[in-house]
Amino acid sequence: MCSGAGGFDVELNDRVKSKKYKCRNCGATFESVSKRPVCPTCQSESVDLV
Ligand SMILES: [Zn+2]
């Protein structure tokens with residue numbers, strides 16, 4: 001059994017928490033772990049943390 005490797009992904013996901021942003025330009029909401037998130041819909045950098 002190799003169940004040890006399976007739990008690693010979950011731990012990693014838990015440490016890197018994505019934040020939710022809302023685009024000021026088109027109003028789309030999305031999640032990003034980047035410090036400088038860019039709207040996936042219109043590529044605008046003008047976003048607000050939700
Ligand atoms: Zn946008």
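Let's start with contacts along the chain: of those between residues at least 6 apart in sequence, 23% join residues at least 24 apart. Keep in mind that this is a predicted model.

So what is the chain built from? It has one helix and three strands, and from the N terminus on the order is α-β-β-β. Buried residues account for 10% of the 50 residues.

Now have a look at the strands. S1 covers residues 19–23 and S2 covers residues 29–32, and the two pair in the antiparallel sense over four bridges. For one residue pair to look for, take Lys19, whose bridge partner in S2 is Ser32. The hairpin of S1 and S2 has five residues between the strands, and in that hairpin Gly27 takes a positive phi near 85°.

S1 has another partner, too. Strand S3, residues 47–49, is joined to S1 by three bridges, and these two strands run antiparallel. Here you can find Tyr21, with Leu49 as its bridge partner in S3. A general reminder while you look at strands: in a regular one, side chains alternate between the two faces of the sheet.

Let me finish with Lys17, which sits in the loop between helix H1 (3–15) and S1. Is Lys17 buried or exposed? Lys17 counts as exposed, because it has 8 C-beta neighbours inside 10 Å, and the cut-off for exposed is 12 or fewer. We also meet Ser32 again here: Lys17 and Ser32 are 15 residues apart in sequence, and their C-alpha atoms are 8.6 Å apart in space.

Thanks for listening, everyone!

Terms used: Residues numbered from 1 in each chain as written. Predicted model: local features only at pLDDT ≥ 70, side-chain atom pairs only at ≥ 80, totals over all residues. Pairing = 2+ DSSP bridges. Buried ≥ 20, exposed ≤ 12 C-beta atoms within 10 Å, placed from the backbone. Contact = placed C-beta atoms within 7 Å.
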